[in-house]
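Visitor: Please take a close look at a single part of this model, and place that part in its surroundings.

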Amino acid sequence: MRPVLSPRSLFVALALALFLALWLSLALGPVSLPPGDTLRALLRLFGLPLDGEGAGQAELILGQIRLPRTLLGLAVGTVLALAGVAMQGLFRNPLADPGLVGVSSGAALGAAFAIVVGASLGGLPEALAPYLLSLCAFAGGLAVTAVVYRLGRRDGQTNVAIMLLAGVALTALAGALIGLFTYLADDATLRTLTFWNLGSLNGASYARLWPLLLVTVVVALWLPRRARALNALLLGESEARHLGFDVERLKRELVLCTAFGVGAAVAAAGLIGFIGLVVPHLMRLLVGPDHRVLLPASALAGASLLLFADLAARLVLAPAELPIGIVTALLGAPFFLYLLVRGRA
Amino acid sequence: MLRVENLGVCRGAKTVLSDVQLELRPGEVLGVLGPNGAGKSTLLGALCGELQPSGGAVLLDERPLGAWSGPERARRLAVLPQSSTLSFAFRVEEVVGMGRLPHASGRQRDAEIIAAALASADAGHLVGRSYLELSGGERQRVHLARVLAQLWPGATGQSLLLDEPTSMLDPLHQHTTLQAARDFAGRGVAVLVILHDLNLAARYCDRILLLDRGRPHALGTPEEVLRAEPLQAVFGLEVLVQTHPERGHPLIVAR
């Protein structure tokens, strides 16, 4: 379990991986764009007056489809991985997952509500439907996390063990209600619901992207400021207090970052599992548990991994598309099992 | 300097500590003895602000403990808990380095202090190892080095609270650990240490507080407190008290 890489070499490797992921995500698809066209179209999108053969088509594909999709993947991967670090720190357990505080199941419940109730009202206005779905998912995630946090409060302190159990109970409750909506849904709605639960970066639009980008930037700037406090928290809550940290405030901030981050990610791209669990764990194996390195490393790795998973989802069955949740679970679940078995040995 | 007046602590409806008057004096090692459940750790918890007293007050430099800002308090008061539950693979020097988090003394000075604190806890040879690979006793010494680093080099006005720092240590390291506490006291720090070994207390403590069912039974020098009658009354153990042939402090043997 000793770190095998220096932080510097890891950051170089991660930066290269992210660059490659961004490039491929922009260049590959039903129409593959050569590097020159991709670069030219990208620069034109940013306002540089460049001419070139096929630049118009490339610009259209990039601007309308691949750039928003790539940015969405970048933000979702970053924020899920950071939320994973926050939760593993909060619960002082390397196997914790952002879903533990109920944010994912709450968001799924909100989405199921929007999809099924929307359909039973005879379909929402075409223009409003995606926003309403995202809004309900985001609100559902926040609401369930707020309830879990309230239940964990005792005498002015947050008991994370009770939060964990409350999260399990509310996840079960949300699952039952989603089941109820599923039961009430007709066949077409059922298909929408199922696919939403598997997650996808398909149909990314700038309008749905901005709120998530904003939340991601805030979380990515905020959490590293708490890196030292997170390190101390791993020693134990009292130990962190003895070292002078305001542990109650730290716990509140960690829950807030996770609720907003994961809530916004799920609202924009559906349920995408295992990134928040696997990425921080993997980074910890490579460079150790120091949050000053772990947080930025996880953000970079989460973004790259999600973009590569999306590439696989797009390309494996092209021109059809796999839901990305299937890809991340296919990669993540065996890795999680490997960690469990290794931990026991 | 840490001082309590009329301290009482309740857990639920039960009073687990009452009527404690205590002052930790600079340069002094104060031992706290008593049977299991006598309130030793409760006293330590109240002294460092982890437990709210139900009566009385805890004063750090004549200011209530709660009135201090976190980092200010952490530079004056360090606490070693009975056991720790760190389950992440930090390297030994990183764990000790966490003692420097309340300070802004710079990387180079911190590295010197970490090395000195590790040497003081006789754990210098563990540098570079993962904390999770260590034995229980080695982990205990690493945490000792961490709280020493938090107050390093130790000065008047600081307090160090140790909850059974020798519970997992071999005989040699029981002595090196308490010697490190003594060295800190020698530089002016007020040290409170919870112990179970009467002879270690006799050798290293300047004063001893004997707790019995949440109340102070005796408070005084080892010679005053470590006598057959109070020990019989509190522990229910019949002992012979002799004088250490070389060092002159009390030597306690069960009859």
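**From the chain A fold to the chain B sheets**

Guide: In chain A, of the contacts with a separation of 6 or more, 75% are between residues 24 or more positions apart. The model is a predicted one. The secondary structure of chain A consists of 14 helices and 2 strands. Its C-alpha atoms occupy a box of roughly 65 × 55 × 40 Å along the principal axes, and 51% of its 345 residues count as buried. The radius of gyration of chain A is 21 Å, which agrees with the value near 20 Å for a compact globule of 345 residues.

The domain assignment of chain A gives domain 1, covering 91–271, and domain 2, covering 273–345. Between the C-alpha centres of these two domains of chain A lie 19 Å. Their contact draws 18 residues from domain 1 of chain A and 18 residues from domain 2 of chain A. On the domain 1 side, α7 (187–198), α8 (206–225) and α9 (227–235) of chain A each provide at least two residues. The most come from α9(A), with 4 residues. By class, this side of domain 1 of chain A holds 12 nonpolar, 5 polar and 1 charged residues.

Attention now passes to the partner chain. Where chain B meets chain A, 23 residues of chain B are in contact with 20 residues of chain A. On the chain B side, the elements that give two or more residues are α2 (70–76) and β6 of chain B. Of these, α2(B) gives the most, with 4 residues. The chain B side divides into 14 nonpolar, 5 polar and 4 charged residues.

The part chosen for the close look is the sheet that includes β6(B). This sheet of chain B is open, has 6 strands in the order β6-β7-β8-β3-β9-β10, and shows mixed pairing. At its edges stand β6 (77–80) and β10 (215–220) of chain B, each of which pairs on one side only. From one strand to the next, the twist averages 15°. Within the sheet, β3 (residues 29–33) and β9 (residues 207–212) of chain B run parallel and are joined by 4 bridges. In this pairing Gly31(B) stands opposite Ile208(B), a residue of β9(B).

Helices also pack on this sheet. Helix α1 (residues 40–47) of chain B touches β3, β7 (159–163), β8 (190–194) and β9 of chain B, and its direction makes about 150° with that of β7(B). Helix α6 (residues 171–186) of chain B touches β3, β7 and β8 of chain B, with its direction at about 155° to that of β8(B).

Chain B also contains an open sheet of 4 strands, ordered β2-β1-β4-β5, with antiparallel pairing. Here β2 (14–23) and β5 (63–64) of chain B are the edge strands; each has a single partner strand, so one side of each lacks a neighbour in the sheet. The partner of β2(B) in one pairing is β1 (residues 2–11) of chain B, which runs antiparallel to β2(B) and is joined to β2(B) by 6 bridges. Across this pairing, Val4(B) stands opposite Leu22(B) in β2(B).

Note on methods
Residues are numbered from 1 along each chain as its sequence is written. Chains are lettered from A and ligands numbered from 1 in the order in which they are written. This is a predicted model: local features need pLDDT of at least 70, side-chain atom pairs count only at pLDDT 80 or more; totals for chains, interfaces and linings use all residues. Domain bounds come from an automatic or database domain assignment. Two residues are in contact if their C-beta atoms, placed from the backbone, lie within 7 Å. Ala, Val, Leu, Ile, Met, Phe, Trp, Tyr, Cys and Pro count as nonpolar, Asp, Glu, Lys and Arg as charged, and the others, Gly among them, as polar. Two strands pair if DSSP finds at least two bridges between them. Axes are lines fitted to C-alpha atoms, for helices over the stretch in contact, and angles run from 0 to 180 degrees between N-to-C directions. The radius of gyration is taken over C-alpha atoms; the globule rule is 2.2 Å times the number of residues to the power 0.38. A residue is buried if 20 or more other C-beta atoms lie within 10 Å of its own, exposed if 12 or fewer, and partly exposed in between; C-beta atoms are placed from the backbone.
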